[in-house]
Amino acid sequence: MTAQTHWQAWHEPYADASSPLSRRLRLVQQHIASWLDGRPDGRLTVVSACAGQGHDLIGALASRSDAQRVHGTLLEYDAGNVAAAQAAADQAGLAKMVIRQADAGQLSSYAGAVPADLVLMVGVFGNISDSDVERTVAALPRLCAEGATVIWTRTRRDPDLTPAVREWLRNAGFVEQAFHAPDEVRFSVGVHRFEGPPRPLDPPGTVFTFLAQ
Ligand SMILES: C[S@@+](CC[C@H](N)C(=O)[O-])C[C@H]1O[C@@H](n2cnc3c(N)ncnc32)[C@H](O)[C@@H]1O
């Protein structure tokens with residue numbers, strides 16, 4: 001038996017439906033469901049960076065009769081979280097879900113998983129430096145298929161970076177579809193549609209490094 005890591009314990013508030021994390025999760029899942037409803041035909045691809053235990057994508061797909069249309073790749077570094085996500089995907093019968101133990105800050109980790117129709121950057125921008133957030137936003141066109149949607153989150157603790165994130169997204173060719181910033185909590189959830197030209201994944205490189213917690 002191995003000790004639980006910080007990043008496994010980080011998921012514990014999901015067990016409490018009234019926690020801010022659970023509230024954020026429901027918003028993200030609702031947007032995943034709306035995105036699927038808006039793309040009723042054919043095969044779709046999703047990539048999730050720093051996917052953790054996959055609660056958002058796996059949870060949203062578990063109740064969908066069209067889940068098999070979705071070919072998802074979850075990139076997650078922590079072995080215990082990878083195992084938990086794999087178990088959840090198996091339990092939900094999501095055979096087209098690939099869980100990769102990989103560094104999502106390296107563009108090479110996305111090979112074969114992109115261009116994606118939906119990119120999840122959930123729980124990422126609050127854990128990396130501001131300059132890495134800017135670099136990652138600028139790299140999103142390299143992960144996105146034509147017309148892709150990006151769902152992202154970011155804390156609004158002072159100094160609130162979300163105005164800058166929204167501007168960087170605009171500059172990178174994204175149009176805002178939704179932005180949730182409830183008063184009583186610090187999280188925010190953004191949904192942006194890519195309206196620029198997709199770009200190749202190469203050359204490889206580092207876009208972000210997680211800050212020590
Ligand atoms: C804040 S949690 C978010 C998890 C998930 N996206 C969610 O919202 O439920 C961040 C996750 O990123 C993982 N992580 C940290 N550095 C990573 C890296 N370089 N590449 C991939 N995953 C990483 C951690 O293990 C953790 O599961």
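A charge is taken to sit over a ring when NZ of Lys or CZ of Arg is within 6 Å of the ring centre and within 35 degrees of the ring normal. In this predicted model, Arg-166 fits that description: its charged end sits over the ring of Phe-179, 3.8 Å from the centre.

Rings also meet other rings here. The count of aromatic pairs comes to seven. One of them joins Trp-7 and Phe-210 in an edge-to-face arrangement, with 5.6 Å from centre to centre and 70 degrees between the planes. These two partners come from distant parts of the chain, 203 residues apart: Trp-7 belongs to helix 1 (residues 6-9), while Phe-210 lies in the segment after strand 7 (187-194). Trp-7 counts as partly exposed because its relative accessibility is 24%. Phe-210, at 29%, counts as partly exposed too. Both rings also belong to a bigger picture, a cluster in which ring pairs link Trp-7, Trp-10, Tyr-14, Phe-208 and Phe-210.

Turning to the interior, the largest nonpolar core has 35 residues, and those with the most contacts inside it are Tyr-110, Val-119, Met-121, Phe-125, Leu-143 and Val-165. At least two residues of this core come from each of strand 1, strand 4, helix 5 (130-139), strand 5 and helix 6. Strand 5 gives the most, with four residues. Gatherings like this fit a general pattern, as nonpolar side chains in soluble globular proteins tend to be buried together. For a closer look, take Leu-143: leaving aside residues up to four places away in sequence, Leu-143 touches Leu-107, Tyr-110, Val-114, Pro-115, Ala-116, Val-119, Met-121 and Leu-201. Apart from the largest core lies another one, of 30 residues, with Val-28, Val-46, Val-82 and Leu-118 among them.

The backbone has a few quirks to point out. Val-114 and Pro-115, both touched by Leu-143, are joined by a cis peptide bond with omega at about 5 degrees. Pro-115 is in the loop that runs between strand 3 (97-101) and strand 4 (116-121). Another cis peptide bond connects Asp-158 to Pro-159, this time with omega at about -10 degrees. The loop between strand 5 (144-155) and helix 6 (162-171) is where Pro-159 is found. Finally, there is Cys-50, a residue other than glycine with a positive phi, near 55 degrees. Cys-50 also turns up in a loop, between strand 1 (44-49) and helix 3 (55-62).

Methods
Residues numbered from 1 in each chain as written. Predicted model: local features only at pLDDT ≥ 70, side-chain atom pairs only at ≥ 80, totals over all residues. Heavy atoms only, no water. Phe/Tyr/Trp six-rings, centres within 6.5 Å; stacked < 30°, edge-to-face > 60°. Buried < 20%, exposed > 50% of the residue type's maximum accessible area, 1.4 Å probe, protein only. Core = buried A, V, L, I, M, F, W, Y, C linked by side-chain atoms within 4.5 Å. Contact = heavy atoms within 4.5 Å.
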